[in-house]
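Thank you all for coming. I would like to take a few minutes to walk through one model, starting from the inside and working outwards.

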Amino acid sequence: MPQLQKDHDRPEAGGVVSDGWIANADGGARGNPGPGAAGIVVRAPDGTVACAGGAFLGTVTNNVAEYEALLWAMRVAQALGARVLELRADSELVVRQMNGQYRVKSPGLKPLFAEAQRLRRGFESVSFVHVPRGQNAEADAWANEAMDTSSVVGDAPRPPGGELRTLFD
């Protein structure tokens with residue numbers, strides 16, 4: 001099982017958001033497309049890990065896996081009562097699309113992007129922050145464990161609702 005660290009123990013991660021939750025999300029596929037998984041780590045405002053896990057997705061592209069991780073993290077944060085969320089990911093494409101800096105051109109990503117936009121309306125505030133891969137190692141480790149075992153791992157709840165979701169369908 002991946003080792004978890006509190007963000008306040010890692011100054012390079014930017015510390016704890018004072019009144020908000022932090023979620024790290026990472027997706028990956030071995031091959032593109034290939035067997036893929038999503039990994040998340042969700043932290044409460046005090047920096048404690050509320051939950052973390054990984055989910056095998058089957059055969060997906062890397063970008064689909066990245067979006068699935070982002071969607072899962074957003075759903076879990078909402079289910080845990082988060083109103084303010086900082087979502088950290090190492091996918092520059094996904095973060096820039098969510099921040100409106102890049103257009104979503106891929107037909108396979110458009111419904112995932114639309115679902116993320118729908119979910120973001122359920123928060124008072126959501127920020128999407130690109131982090132270097134090394135600062136997303138915990139979420140990456142959960143995704144890799146899920147790929148290695150072709151299963152769901154960790155203690156993160158399955159995402160509630162969402163008619164467009166593909167995770168766990």
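What you have in front of you is a predicted model, and the largest nonpolar core in it has 39 residues, where those with the most contacts inside the core are I40, Y67, L70, M74, L85, L87 and F128. At least two residues of this core come from each of β1 (21-29), β2 (34-43), β3 (49-60), α1, β4 (84-89), α2, α3 and β5 (125-130), and it is α1 that gives the most, with 11 residues. Apart from this core lies another one, of 8 residues, which includes A37, A52, A143 and V153.

Let me stay for a moment with one residue of the larger set. Which residues does L85 touch, if we leave out those up to four places away in sequence? Its partners are W21, I22, A23, M74, A77, F123, S125, V126 and S127.

Now please look at helix α3, which covers residues 110-120 and in which L112, E115, A116, Q117 and L119 are buried. Among the elements that cover these buried residues of α3 are α1 (62-79) and α2 (92-98).

Stepping back to the whole chain, we find 4 helices and 6 strands, and from the N terminus on they follow the order β-β-β-α-β-α-α-β-α-β. Of the 169 residues, 51% count as buried, while the accessible surface comes to about 7,600 Å², with 49% of it belonging to carbon and sulfur atoms. Finally, if we take the contacts with a separation of 6 or more, 73% of them are between residues 24 or more positions apart.

Notes
Residues are numbered from 1 along each chain as its sequence is written. This is a predicted model: local features need pLDDT of at least 70, side-chain atom pairs count only at pLDDT 80 or more; totals for chains, interfaces and linings use all residues. Side-chain values use heavy atoms; hydrogens and water are left out. Buried means under 20% relative accessible area, exposed over 50%, partly exposed in between (1.4 Å probe, protein chains only). Contact means heavy atoms within 4.5 Å. Accessible areas come from the Shrake-Rupley method with a 1.4 Å probe; for residues, only the protein chains shown count as cover. A nonpolar core is a set of buried Ala, Val, Leu, Ile, Met, Phe, Trp, Tyr and Cys residues joined through side-chain atoms within 4.5 Å.
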